[in-house]
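Trainee: Could you take me on a close look at one part of this structure, the surroundings of the ligand? I would love to see how that part connects with the rest of the chain.

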Amino acid sequence: MSRDEVTIPIDMGPVEIAREERKASAPVQREVVFDLRDLGVRYGTTTAVSGVNFEIYQNLITAMIGPSGCGKSTVIRCLNRMNDLVPTAKIDGEVHYHGQDIYGDGVDPVEVRRRIGMVFQRANPFPKSIYDNVAWGPRVLGMKKNLDERVEKALRGAALWDEVKDRLKKSGLSLSGGQQQRLCIARAIAIEPEVLLLDEPASALDPIATAAIEDLMHDLKQEYTIVIVTHNMQQAARVADRTAFFSLEVGQGKRTGVLVEYDSTDKLFTNPTDKRTEDYVTGRFG
Ligand SMILES: Nc1ncnc2c1ncn2[C@@H]1O[C@H](COP(=O)(O)OP(=O)(O)O)[C@@H](O)[C@H]1O
Ligand SMILES: [Mg+2]
């Protein structure tokens, strides 16, 4: 599962793939990073989502959209076994990561989370210095060599270095909301994961900070595979190469999240196949 084993088709760098992807839904040779097979999640006796099948491709930005409560956060948390931390959560189906089921026997969830980093809706820096926030993951993992360079690289990667390089010892909590969220992204990439999961990373930010995060995502996708949950359709349309639309299915008095449609972002927004997608993206629902 190392990054080195991953191949990108010759003559088709990640950026070109992405551009191609935005233009048309024509099949393009891509590396599958995640393959979700009949994924379902229950919390106690309540089924939050069921029957989710789709593939997530390397060096693309994949968005998950849909009304509140349709299971977007639940699904994204399955991609790095974050739902393990919810005691009532029970996962059905399989989540293959480069061909290996991360819920299979003998898989270490800590190792999964090392390769697949996550950033949450509310920026949550530790009450530590900017430097120590970024150095935290590498220290925990024993990556102590060249720590200064590693911290700088992560802060540069998160487009925050120039703003904080003269105050690395100041508290992470002294930064603005947008800077704090970029600090959390720096903290996530400091351990060099392959994938970045972002659950509504900009929903608490003002438009300028949101634009900074969106620009940053475009830069990061050259190195990372990015999955983003957003309730903001315009944001999905701006940043994502592919979009998955989830909705709630009502039956026997219960509401269960389902994946309705998954396609290139352009296709999903301009020419959706499913009536439910059309109603949602044209604003007739939700
Ligand atoms: N930790 C939890 N415990 C119990 N139910 C939960 C938990 N997290 C989410 N749910 C329920 O699962 C469903 C999907 O929630 P969620 O994945 O947060 O949706 P979304 O992110 O699309 O708004 C909702 O009905 C929600 O109440
Ligand atoms: Mg959510």
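Mentor: Sorted by class, the shell around ligand 1 has four nonpolar residues, seven polar ones and one charged one. Keep in mind that this is a predicted model. Here is who stands in that shell: Tyr-43 and Ala-48, the run Ser-68, Gly-69, Cys-70, Gly-71, Lys-72, Ser-73 and Thr-74, then Val-86, Thr-88 and Gly-257. Helix α2, covering residues 72-78, is the element that gives the most to this shell, with three residues.

Now let's pick one member, Gly-257, and follow it outward. Gly-257 sits in strand β10, which spans residues 254-264. Is Gly-257 buried or exposed? Finding 20 or more other C-beta atoms within 10 Å is what counts as buried; Gly-257 has 25, so it is buried. Leaving out residues up to four places away in sequence, Gly-257 touches Ala-48, Val-49, Cys-70, Gly-71, Phe-246 and Leu-248. You have already met some of these names, since Ala-48, Cys-70 and Gly-71 also belong to the shell around ligand 1. Try finding Ser-247 as well: it lies 10 residues from Gly-257 in sequence, and the two C-alpha atoms are 5.6 Å apart in space.

Let's step back to the whole chain. It has 11 helices and 10 strands, and 42% of its 286 residues count as buried. Among contacts with a separation of 6 or more, 69% join residues 24 or more positions apart.

Away from the ligand, helix α4 (residues 130-140) is a good place to practise. Its buried residues are Ile-130, Asn-133, Val-134, Ala-135, Gly-137 and Pro-138, and they pack against α5 (147-157), α6 (161-164) and α7. Just past the end of α4, Gly-142 has a positive phi of about 75°.

Helix α7 then leads us to one more neighbour. Two packed helices are described by the angle between their axes and the distance between the axes. For α7 (residues 177-189) and α8 (residues 207-220), the angle is about 25° and the axes are 9 Å apart. Angles under 35 degrees count as roughly parallel, so α7 is roughly parallel to α8. The crossing of α7 past α8 is right-handed. On the α7 side, Gly-177, Gly-178, Gln-181, Arg-182 and Ile-185 make the contact, meeting Ala-209, Ala-212, Ile-213 and Leu-216 of α8. By class, that contact between α7 and α8 holds five nonpolar residues, three polar and one charged.

Definitions and conventions:
Residues numbered from 1 in each chain as written. Chains lettered and ligands numbered in written order. Predicted model: local features only at pLDDT ≥ 70, side-chain atom pairs only at ≥ 80, totals over all residues. Near = placed C-beta within 6 Å. Helix = DSSP H or I, 4+ residues; strand = E, 2+ residues; numbered from the N terminus. Nonpolar A, V, L, I, M, F, W, Y, C, P; charged D, E, K, R; others polar. Axes fitted to C-alpha atoms, helices over the stretch in contact; angles between N-to-C directions. Parallel < 35°, antiparallel > 145°, perpendicular 65-115°, else oblique. Left-handed = near helix turned anticlockwise from the far one by under 90°. Contact = placed C-beta atoms within 7 Å. Buried ≥ 20, exposed ≤ 12 C-beta atoms within 10 Å, placed from the backbone.
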